[in-house]
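Grab a coffee and open the viewer: here are a few exercises to work through, each followed by a solution.

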Amino acid sequence: MLCSDFTRSVLQGEDPCGDRSQSLATALADWYGWENYCRDYSIDYRGNAESLAREAGTALGLDADRIERIIKTVNKATCTPAAYRKGGDVSCWKKIRRLDPATYESHCPSHIKEELAGRWQPHNPNSSARQKQEKNVHLEPPNQWFAPESYNGEIGLWKTETISKMQVNAVTGETAPALDAKGQQITEKIRKFFPLCDFDFTIERELAGEPGGYVLQVKRSTDGWQKRVVISSSDCKRAVDFELAIEKGMGVDVSCNLRTDQLKALLRERRLAYRYREGITYQLANRVGKQDNGIWVFKDGQFKPDGTPTTEEETGICWNPNLGACEKGLDEIKSPKIAPPNPEALPQLVAAMRQFFGSNFLPAFFVLGYCAAAAHFQTIIEIEGRFPILNTYGPHGGGKTIAVECGLSLFGREWISGAIVGDISPSALWEQGKLCGSLPICLDDPPDKIYDELEQWIRNWYNATARKRRWNVQQPHCALIVNSNKACGEKLPATLSRLIRLWIPTAKDAVPHAWNQLKKAQKQASGAFTSIIKLGYPQQEVNELTAELIQHLPLAHDRVAPSLALIGVYTMKLAALAGINPGEVKQYLINVLCPNANDEESSQDALTHFLGVMMTAQAENLLGGWNLRRCDDQFGCCRTIAIEVGVFDLLKENFDLPYSKKVIKTLIEQAGGKTRSTQWFDESKDLSQTYARALLFGRSPSQSNPQDKPALPAPPPKKKRRCWEIPAVLAAEYIQLDDPQEPAPPEGESVDGTNGTNGTTQNQLEPNSGSRLEAYQINSSASQTSTEPSNSENNHPKTARAIHSAPGVASQIPSSDSKKNEGNFSSEMVPAEMPTTPGFDLEPKNGSKDSSLNENLMPYLEAMASVGTPEELASFLECMTNLTQQQQEAVWLAAPVEVINQLERLGFDISPG
C-alpha cells in the first residue's frame, strides 16, 4: 500500500496527532498526494483516497457527517505524498519499487534508477539530515548555468582579461612591457573578479507550498554579523524584487546589480548546493499560532497539538517573519513569547484578578474562559462550524480592557499589544484574523462610524466565513472579542444571537493598588499555555451543559445556549486548574448570564423586526393614512393592517433593513396575510396630515361654547392602491390599531359611515332623539345569508370568552332557556319574520316602537346600560348567550359608545376573541 507509517496507523484507528480530526486530515492529504503522483506518472492504482478516509474515520470513532466535513477541508490539487516531501522522487520510487517491481521498471525515469543503483554517491554521508530521510538531488552531471560566484564576501563574476606582461629594467628600475625575440609584446591571461552585490548569502531552508521560497542567511561584506531572511518565490522572479526583499529582511541598504537571468542562475546553483548538503524541504508557516496540521508555530519555539515542545527539524515548518507585512495598513504580526510551563502561573493570575476586580471577578474570569476556548477555535469550527463572538460592554472604568488583557496574557504578555486593535478597516481586520491561528484578537472601542458594518462582520465571523477579495481569500482562524462601552447586536437580531454579551459594571470594591501584582502575573500567565492546549474540545460536556441551559433560556435563540455552554465549560475547567470552585462559576452562569441572555429579541424573525421598524417609522411620520390603514371585519374589529407596497422600499432606504422584500412577503403569507390586495388610502401625505392636524385643533362653530377656531375640513379624498395585509394579531403590539378619535359632528350634520376600504362598513352610531337607549340608527351593508341558528352562533367573539355565573341584572332580561327548541327561540321571543341582515331599525316610528324585533332586543340594551358591577356584567354576558349570533350582533351594534366604554371599565375585553 502506498502510504507512510503515519497514515497506516491512522487507518488502524490510532491518533498520532492527539487530535482525531487532524490525524485524519493529515492522512487524507498523503493519500491524495499518492493519487496525484500516480496520475502524473501514468501509474495504475486501485482504490481511492476518500474511501480510505471514511474507513479511517470510522476506525477513529468519528461520525459520518464529521468525516465528510474533514474531507471537504483538504485541497486535493495541492497535496503531495509525505515521501516526496521528505525525499523527493527518489523516496517515492523506492516505495513503488518495493511494492511493484514491474511498474518500477516500466515507468521509473532513468536518472532515478541510476541514483537508486548508486551511481551518484551522497556528498556528505555523515549528515544527520541524511540519516532522517533520502535526499532529492540531480543525478546527471549538472549543467553549466554560468552563475555568479562568491568572493571575499560579495557576489560577482570572474572574467578573463588579456594584459601585457611587464618586466623591470635592471638599470633604470622602470617597468615596461616585456618583448619577445621578434620585438612583439608578450601577453598573458588573468582572471579578474567583478562584484555585482555587496553581500553574500546561503540557503538555510528551502520552502515548499504556498507561497514557497527560501530561508537565507545573509551577510554584507562590511558587516560582522549576518541575519536570517525569508523570501518568497515571487521575490525571486525579478532582480529588483529580490533586492527589495533582502533590504526589508536585513533592515539596511544593500547593493545588487544582478540581472534577472543571473539571479535565477545563482539561486539554482545555491539550491543545488543546499540539496547536496541537506536536501530537506520545509513548509513556511502560513500564520502565527496553530497551523493546519495542528502544530503551534511561534518565532521562538513550536509545540505539538498535545502541548509538547518540538523543533523546526522535527515538524518541517519554519517561522515566517513577514506575516502581515504585505497587507496595506497592517503591520507585521507579532509573535507571542510563550513562557516555560509553570503549574502556578494560572493560580497566581486568578488570585491577582480576584483582588484587583473585586465583585467584577467572575465576569473577568469568564473572559479568561472564553480565551481558553479560543485556543481551540480551529478545531471547534471544523467540528461545529461556528464559534461565538464575545462582546464585553459596560460603563467606563469597569475594567473591561484589563479583563481582556488578562485573557490574552495566556498566550504571552507580548500578545496583548499584538492582538488589541482599534480603528481598523475590514480588510485589515480579516487579514489579521487570517494570519492568527487560534490566537484571539480584540476590537477595542470601535468607532461609531463602523457599528453598522460591525454587525455584519460579527455575522460572518461566527461561522468563519471567508472574505474573498480578488486573489486574497481572508478566512478567520481565530476568535474575535469586541470590547466597547456600547452593546453590539442592537440592530440585527441575527447578530445578537451570535454574541455572548458580558456586562462588566463599575465595581466599588476593586483594589487599584493590586495593579502591579496583576501585571506581574500576566507576564507569567503563558506558563499555563500547554495546560490549556491539553484541554482539547470537550464536545460531550458542552452538549450536556447546553441541554441544561436551554431550560433557563426559553425566550432566547437556539444559538445562545450552545454559546454559553461553550464558554461555561472552559471557564469551569480553568477554575479547576486554578484551584477555585467550578460550582461558583456554574452558579454565575445560570443566575446571571442566562437571565441576561434570555432575550426574545435574539429569536425575532424578519417579520417581527419589520413590524418594530414600522412602529418607529410611524412615530417619525413616515407612515400614516396615506400608506398605512386598518381593515375591519363585519363586527367592526380590526382584521388586518394594510400597508402600501412601497412601504418596504421606504423603510429600506431609511433604516437599512437586513433582509429582502421577498423574505417579508413570504413571512406575511405564511402568517395568513395577503401580499396581493388593494385598499383605499388617503390620496397624499400632505392632505392626510393636514386633516389630522385639523382634527386635533379645529372646532366647529355649531358646537357648544364656540371659539374662534376654523371649521373642520372635509376628510381627504381616497385612492385605491396595491397593498400588503398583515394579520392584526401580529401587528397589535407594534402598530396603532385604534381609529383616530374624531370630534363629535355638529348638530344636523350627517355622518357617512362608509369608508370603502375592504367591502365592509365601519358602523357609525348617530343619536336621533330621546334617551341614550331609546333610538339609534344602525346602517350596515354587510349581509348575513344564514338564518338558522346553531351552537357555534351562540359564541359571538365578544361574549364567548367572558361567561360567568354571578347573579346580577339577568332578571331584567327575559329568559328563553325553557323555550328553546334546538337552538331557536319560541314565538314569544322571536318574531315571525326574522330579518336576513343585522340592519334593524330601532328608531321610534309615529311615537311607537317597531312591533317586530326591537321589542325583544330592547330589554338587552336596557340591561346592558344598567350594568354597574363586574358581577352584573358576568350575569349579563351569560344571558347574551341565549341569543343567536345575528341577534347578538344587533345588540352590540346598537349599543351606544358610552355604554361600551362602561363595560370596558368593568373589565370586559371588547376586542374579538
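**Exercise 1. Start in the core.** Find out which residues Phe387 touches, leaving out those up to four places away in sequence.

Solution. Keep in mind that you're looking at a predicted model. Step one: select Phe387 and list its contacts, which turn out to be Tyr370, Ala373, Ala374, Phe377, Ile380, Ile381, Trp461, Tyr462, Ala479 and Leu566. Step two: put that into context. The largest nonpolar core has 111 residues, and Leu368 and Phe387 touch the most other members. Step three: look for another core. There's a second, separate one of 32 residues, with Leu216, Cys236, Val254 and Cys318 among them.

**Exercise 2. Two helices packed together.** Work out how helix α13 and helix α15 pack, and what kinds of residues make the contact.

Solution. Begin with the geometry: α13 (residues 361-374) and α15 (residues 400-408) have axes 8 Å apart and pack at an angle of about 35 degrees. Their crossing is right-handed. Next, pick out the residues: α13 brings Ala364, Val367, Leu368 and Cys371, while α15 brings Ala403, Val404, Cys406, Gly407 and Leu408. Now sort them by class, and you get 8 nonpolar, 1 polar and no charged residues. Leu368 deserves another click, as it's also one of the two residues named for touching the most other members of the largest nonpolar core.

**Exercise 3. A second pair.** Decide how the axes of α3 and α4 cross, then sort the residues of their contact by class.

Solution. Helix α3 (residues 49-60) and helix α4 (residues 64-73) have axes that come within 10 Å and cross at roughly 135 degrees. That angle makes α3 oblique to α4. The handedness of the crossing is right-handed. On the α3 side, the contact uses Glu50, Ala53, Arg54, Gly57 and Thr58, and on the α4 side Ile67, Glu68 and Ile71. Sorted by class, that's 3 nonpolar, 2 polar and 3 charged. The spacing along each helix follows a familiar rule: an α-helix has 3.6 residues a turn, so residues three or four places apart point the same way.

**Exercise 4. Buried or exposed?** Classify helix α17, Thr379, Pro109, Asn152 and Asp656.

Solution. Use the cut-offs: under 20% relative accessible area is buried, over 50% is exposed, and in between is partly exposed.

- Helix α17 (residues 426-435) has 8 of its 10 residues buried, so it's largely enclosed by the rest of the structure. The buried ones are Pro426, Ala428, Leu429, Trp430, Glu431, Gln432, Gly433 and Leu435.
- Thr379 sits in helix α14 (residues 377-384). At 9%, Thr379 is buried. Beyond its neighbours within four places in sequence, Thr379 contacts Asp19, Lys290 and Tyr537.
- Pro109 is in the loop between α6 (101-107) and α7 (110-116). With 21%, Pro109 comes out as partly exposed. Outside four places in sequence, Pro109 is in contact with Tyr41 and Trp93, and the C-alpha atoms of Pro109 and Trp93 are 9.4 Å apart.
- Asn152 lies in the loop between β1 (149-151) and β2 (154-164). Its 67% makes Asn152 exposed.
- Asp656 belongs to the loop between α26 (647-655) and α27 (661-670). Its 46% counts as partly exposed.

**Exercise 5. Check the backbone.** Find the phi values of Asn152 and Asp656.

Solution. Asn152 has a positive phi of about 55 degrees, although it's not a glycine. For Asp656, also a residue other than glycine, phi is positive and near 50 degrees.

Terms used. Residues numbered from 1 in each chain as written. Predicted model: local features only at pLDDT ≥ 70, side-chain atom pairs only at ≥ 80, totals over all residues. Heavy atoms only, no water. Axes fitted to C-alpha atoms, helices over the stretch in contact; angles between N-to-C directions. Helix = DSSP H or I, 4+ residues; strand = E, 2+ residues; numbered from the N terminus. Parallel < 35°, antiparallel > 145°, perpendicular 65-115°, else oblique. Left-handed = near helix turned anticlockwise from the far one by under 90°. Contact = heavy atoms within 4.5 Å. Nonpolar A, V, L, I, M, F, W, Y, C, P; charged D, E, K, R; others polar. Buried < 20%, exposed > 50% of the residue type's maximum accessible area, 1.4 Å probe, protein only. Core = buried A, V, L, I, M, F, W, Y, C linked by side-chain atoms within 4.5 Å.
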